[in-house]
Amino acid sequence: MTTKVSDHILARLREWGVDCVFGYPGDGINGLLAAWGRAENEPRFIQSRHEEMSAFEAVGYAKFSGRVAVCVATSGPGAIHLLNGLYDAKLDHVPVVAVVGQTNRSAMGGSYQQEIDLHTLFKDVASEFVETVNVPEQLPNVLDRAIRTASTRRCPTAVIVPADVQELDYSPPTHAFKMVPSSLGCEHFAPQPDDAALHRAAEILNAGEKVAMLVGQGAADGAEEVERVAETLGAGVAKALLGKDVLSDELPYVTGAIGLLGTRPSYELMRDCDTLLTIGSSFPYTQFLPEFDQARGVQIDIDPHMVGMRYPYEVNLVGDTRATLTRLLPLLRRKKNRAWQKQITANTERWRGVMTRRAEQSADPINPEFVAWSLDPLLPDDAIIASDSGSVANWYARHLHLRGSMRASLSGTLATMGSGVPYAIGAKFAHPDRPAIALVGDGAMQMNGMAELITASKYRDLWSDPRLVIAVWNNQDLNQVTWELRAMGGSPQFVPSQSIPDVSYAAFAESLGLLGIRVEKPHGVLDAWQKALRADRPAVVEFLTDPSVPPIPPHATWDQMESTAKAVLKGDVEREAVVRQGFKAKVQEFLPGARKRAHAHHGHPRRKELHRSSSR
């Protein structure tokens, strides 16, 4: 049987080790769909409910597998729908290849149906590589370069294949002029800085007495070396949100997340340090880093395009984290004075006590912090956690303490709504033997999460571990923006834009054959988490939470709280509850006995037992 271009594309994907492709059908890719039929669905076609979800699922797959992910869409509207997910991949440096259909070549330039200038459409999001296959001989090179570029430069790429080209007989490039042959594979490479730069960096780090480290997702491949550096330098370690799973939160000197969604000890770490070592992070919020004349700085990043930003570093080391730190460690002197690290540990213990007391505060009907705090000890050690954007990201950042082989991520740089559920679905295809948990606000759930429950129901039998838990914070408010209006804009809640309907997410899940649980009172929170984590099918748990509980930034002062309260009192419909909950949350930082309570919480036997009982 003659091999078509579409057959060859799928065969080449299989040769690259691609086991699934996330997509949605359309006549612009009919040739590929027919080839999938001839190939007996290898690689497996994963049908989402919307092309944006296909792209998000590919991002989740790539983030949690470390491999290149592939998504596919038809011409015109299908291609347009991919953009948000592909931009998420671009901004978070995730390898995703988009294979996109186009109208027939003969119709190009004729204002034909679904004819879009795809090169212009993709030239920014896939700026590293976007190409159209006009003749069969361009393959396999175009596809190989797209995959290789996505992998090595950690970015999205795009391959456009007109519908008529998909149907052509495949003929490979020949040994001739203006033909471009190709080959499979790309061996791992680990760029490293030169010796002189390493010695300059070591001099700065050895001279520091109060070393702070900031790690991002780029540090993940050298987590053991990062830990050894922190212990050698007596440093504290803050984590950018994309680096939340780089180091275990059980390490006493790990202060947690940094920034508006971060922790008080991370803020204090940067405020008081005299030396900053940043590894694998381009955390953008300079105001949360040390004052420019306060600390000397060293940065390590594999991408020369990303170094030298955010802070006036004295030395910028371009290199792979593990390879660079392996050579840097012998040059570092172990610091004898551990007072700085002890203070960091004490601050972190105290903060955990603060967060426990905030979670324990009463609310109407359920404190949203209590929901995340209750999940923390129940997390299986191999859980994969995806958080959506919005106020839920605050509770994810502050209340979940990662340990074991847990993985976690969110849309870090684009901060788009609606990525949580498709991320978790992508994670289940990357690791079908591990439990996945999506933490989602009701706004994001209504935006697209509900539709993707259909996808979860469709494919659940493919996962050897059936647990996919989708938790919805149901407060009938687009809560993060509401709080931004109050705290940053000095404006009360604008109800017409912020209020959303109360939907029974649990009932919708039940209608699809999934487990649905609706929790309306605090006493039901723990039991709901336990049921969902023991379920034999995907589960949706919705918690009716109080929108008046504030996501207070770690650096918030009483003056700033007073300013927010004044804005609220101008006419906010929830003004009394907002002021009451804000005061209750902030005052927990100033109560006596915090350190003692934090220690008790950290080793509470009941919480340890809950953790054991929920693990499989």
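Me: How many helices and strands are there in this protein chain?
Reply: The protein chain has 25 helices and 18 strands. Keep in mind that this is a predicted model.

Me: What share of the chain is buried?
Reply: Of the 616 residues in the protein chain, 58% are buried. To earn that label, a residue needs under 20% relative accessible area. As for the outside, the accessible surface comes to about 24400 Å², and carbon and sulfur atoms own 52% of it.

Me: Okay, the sheets next. What makes β2 and β5 edge strands?
Reply: Start with the order, which is β2-β1-β3-β4-β6-β5 in an open sheet of six strands with parallel pairing. β2 (44–47) and β5 (130–132) each have a single partner strand, so one side of each has no neighbour in the sheet, and that puts them at the edges. On average, neighbouring strands here are turned by 25° against each other, direction ignored.

Me: How do you know that β5 and β6 count as a pair?
Reply: Count the bridges: two strands pair if there are at least two between them. β5 and strand β6 (residues 156–162) have three, in the parallel sense, so they pass the cut-off. Within β6, Ile-160 stands opposite Thr-132.

Me: Which helices lie across this sheet?
Reply: Helix α2 (residues 30–38) lies across β1 (20–23), β2, β3 (69–73) and β4 (96–102), at about 125° to β2. Helix α7 (residues 141–153) lies across β4, β5 and β6, and runs at about 165° to β6.

Me: What is the strand order in the open sheet that holds β14 and β17?
Reply: That sheet also has six strands, ordered β14-β13-β15-β16-β18-β17, and the pairing is parallel. β14 (407–410) and β17 (515–519) are its edge strands, since each pairs on one side only. Its neighbouring strands are turned by 15° against each other on average, direction ignored.

Me: And how do you know that β16 and β18 pair?
Reply: Six bridges join strand β16 (residues 468–474) to strand β18 (residues 539–544), and the two run parallel. The cut-off is at least two bridges, so this counts as a pair. Asn-474 stands opposite Leu-544 in β18. Helix α21 (residues 525–534) lies across β15 (436–441), β16, β17 and β18, at about 170° to β17.

Me: On to rings. Why is the pair of Phe-22 and Phe-429 called edge-to-face?
Reply: There are two checks to make. Ring centres must lie within 6.5 Å for a pair, and planes over 60 degrees apart count as edge-to-face. The rings of Phe-22 and Phe-429 have centres 5.9 Å apart and planes at 80°, so the pair is edge-to-face. Phe-22 sits in strand β1 and Phe-429 in helix α16 (residues 420–430), 407 residues apart in the chain. Phe-22 and Phe-429 are both buried.

Me: Why is the pair of Trp-529 and Phe-543 called tilted, then?
Reply: The centres of Trp-529 and Phe-543 are 5.1 Å apart, with 40° between the planes. Under 30 degrees would be stacked and over 60 edge-to-face, so the rest are called tilted. Trp-529 belongs to helix α21 and Phe-543 to strand β18.

Me: How do you know that Trp-529 is buried?
Reply: The limit is under 20% relative accessible area. Trp-529 comes in at 0%, so the residue counts as buried. Phe-543 has 0% as well, and therefore is buried.

Me: Why is Asn-41 called partly exposed?
Reply: Partly exposed is what lies between buried, under 20%, and exposed, over 50%. Asn-41 has 28% relative accessibility, so the residue lands in between. Arg-154, at 25%, counts as partly exposed too.

Me: What makes the phi of Asn-41 stand out?
Reply: Most residues other than glycine have a negative phi. Asn-41 is not a glycine, yet has a positive phi of about 60°. Asn-41 is in the loop between α2 and β2. Arg-154, also not a glycine, has a positive phi of about 50°, and is found in the loop between α7 and β6.

Me: Last one: what kind of peptide bond joins Leu-139 and Pro-140?
Reply: Most peptide bonds are trans. The one between Leu-139 and Pro-140 is cis, with omega about 5°. Pro-140 lies in the loop between β5 and α7. The bond from Asp-364 to Pro-365 is cis too, with omega near 0°.

Methods:
Residues are numbered from 1 along each chain as its sequence is written. This is a predicted model: local features need pLDDT of at least 70, side-chain atom pairs count only at pLDDT 80 or more; totals for chains, interfaces and linings use all residues. Side-chain values use heavy atoms; hydrogens and water are left out. Helices (H or I, at least four residues) and strands (E, at least two) are DSSP runs, numbered from the N terminus. Axes are lines fitted to C-alpha atoms, for helices over the stretch in contact, and angles run from 0 to 180 degrees between N-to-C directions. Contact means heavy atoms within 4.5 Å. Buried means under 20% relative accessible area, exposed over 50%, partly exposed in between (1.4 Å probe, protein chains only). Accessible areas come from the Shrake-Rupley method with a 1.4 Å probe; for residues, only the protein chains shown count as cover. Rings of Phe, Tyr and Trp (its six-membered ring) pair if their centres lie within 6.5 Å; planes under 30 degrees apart count as stacked, over 60 as edge-to-face and the rest as tilted.
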